[in-house]
Amino acid sequence: MAEINGIAHIQLCVSDMERSLPFYSTLLQSMGMKPVIEDKSYLYCVGGKTAIAITPASESYKNTTFVQGTVGLHHICFRARSREDVDEIYKIAIGLAAKIIRQPELGNFAPGYYSTLFEDPDGIRIEINFVPGKGLLEEK
């Protein structure tokens with residue numbers, strides 16, 4: 001059986017690079033990701049065994065925003081190393097004027113699941129979570 005080893009990269013298209021670059025550059029670097037490519041038309045940050053690319057949407061979609069519940073990405077969730085990291089990134093999201101969907105809280109997705117959820121300038125949802133131990137993979 002083939003087995004994956006995480007996610008290599010995720011590419012998000014945004015409607016306004018001038019607005020989204022400062023948001024994502026600050027957010028991703030605050031999570032320990034390093035920019036490998038950063039210019040006015042492309043951001044590529046690497047860290048935590050993955051990479052995130054931010055690119056402009058096609059010209060025909062520049063006047064649209066992300067709509068929850070349509071076909072495609074629902075949200076992206078980054079794993080934090082601690083509850084304190086979730087809290088810190090939540091504060092950074094507030095500083096970036098992100099729309100907060102859920103303040104840091106315990107959830108029932110796995111034992112000890114602690115997360116926050118917010119939206120980027122286009123409404124793309126970003127979650128940060130911490131699950132102690134092996135979470136749902138913990139042997140009982």
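The following exercises, each with a worked solution, concern the sheet, the aromatic rings, the cysteines and some loop residues of a predicted model.

Residues are numbered from 1 along each chain as its sequence is written, and side-chain values use heavy atoms, without hydrogens and water. Because the model is predicted, local features need pLDDT of at least 70 and side-chain atom pairs count only at pLDDT 80 or more, while totals for chains, interfaces and linings use all residues.

**Exercise 1. The sheet**

Task: State the strand order of the open sheet of four strands, and identify which strands stand at its edges.

Solution.
Step 1. Strands, like helices, are DSSP runs numbered from the N terminus (E, at least two residues, for strands; H or I, at least four, for helices). Two strands pair if DSSP finds at least two bridges between them.
Step 2. The order in the open sheet is 5-8-7-6, and the pairing is mixed.
Step 3. Strand 5 (75-79) and strand 6 each have a single partner strand, so they stand at the edges and one side of each lacks a neighbour in the sheet.
Step 4. From one strand to the next the twist averages 15 degrees. For such angles, axes are lines fitted to C-alpha atoms (for helices over the stretch in contact), and the angle runs from 0 to 180 degrees between N-to-C directions.

**Exercise 2. Strand 7 and its partners**

Task: Determine how many bridges join strand 7 to strand 6 and to strand 8, and find the residues that stand opposite Ser 115.

Solution.
Step 1. Strands of a sheet pair through backbone hydrogen bonds, either parallel or antiparallel.
Step 2. Strand 6 (residues 99-106) and strand 7 run antiparallel and are joined by five bridges.
Step 3. Strand 7 is also antiparallel to strand 8 (residues 125-130), with six bridges between them.
Step 4. On the strand 6 side, Glu 105 stands opposite Ser 115; in strand 8 the bridge partner of Ser 115 is Asn 129.
Step 5. Another pairing with strand 8 sets Glu 119 opposite Arg 125.
Step 6. Five residues lie between the strands in the hairpin of strand 7 and strand 8, and Gly 123 there takes a positive phi near 95 degrees.

**Exercise 3. The faces of strand 7**

Task: Decide whether the two faces of strand 7 are covered or open.

Solution.
Step 1. A residue is buried under 20% relative accessible area, exposed over 50% and partly exposed in between (1.4 Å probe, protein chains only).
Step 2. In a regular strand the side chains alternate between the two faces of the sheet.
Step 3. One side carries Tyr 114, Thr 116 and Phe 118, the other Ser 115, Leu 117 and Glu 119; all are buried, and both faces are covered.
Step 4. Six of the six residues of strand 7 (residues 114-119) are buried, so the strand is largely enclosed by the rest of the structure.
Step 5. Arg 83 lies over the face of Tyr 114, 4.0 Å from the ring centre. The criterion is NZ of Lys or CZ of Arg within 6 Å of the ring centre and within 35 degrees of the ring normal.

**Exercise 4. Aromatic pairs**

Task: Classify the pair of Phe 23 and Tyr 24 and the pair of Phe 109 and Tyr 113.

Solution.
Step 1. Rings of Phe, Tyr and Trp (its six-membered ring) pair if their centres lie within 6.5 Å; planes under 30 degrees apart are stacked, over 60 edge-to-face and the rest tilted.
Step 2. This rule gives three aromatic pairs.
Step 3. Phe 23 and Tyr 24 are edge-to-face, at 5.1 Å centre to centre and 80 degrees between the planes. Phe 23 is buried at 4%, and Tyr 24 is buried at 2%.
Step 4. The ring centres of Phe 109 and Tyr 113 are 4.9 Å apart and the planes are at 65 degrees, so this pair is edge-to-face. Phe 109 is exposed at 54%, whereas Tyr 113 is buried at 9%.

**Exercise 5. Cysteines**

Task: Count the disulfides and check Cys 13 and Cys 77.

Solution.
Step 1. A disulfide is a pair of cysteine sulfur atoms within 2.5 Å.
Step 2. The structure holds zero disulfides.
Step 3. For Cys 13, the nearest cysteine sulfur is that of Cys 45, 16 Å away. Cys 13 is partly exposed at 43%.
Step 4. For Cys 77, the closest cysteine sulfur is also in Cys 45, 18 Å away and too far for a bond. Cys 77 is partly exposed at 33%.

**Exercise 6. Positive phi in loops**

Task: Locate Lys 49 and Ala 97, and give their phi values.

Solution.
Step 1. Lys 49, in the loop between strand 3 (42-47) and strand 4 (50-56), has a positive phi of about 65 degrees although it is not a glycine. Lys 49 is exposed at 72%.
Step 2. Ala 97, in the loop between helix 2 (83-95) and strand 6, has a positive phi near 60 degrees. Ala 97 is exposed at 67%.
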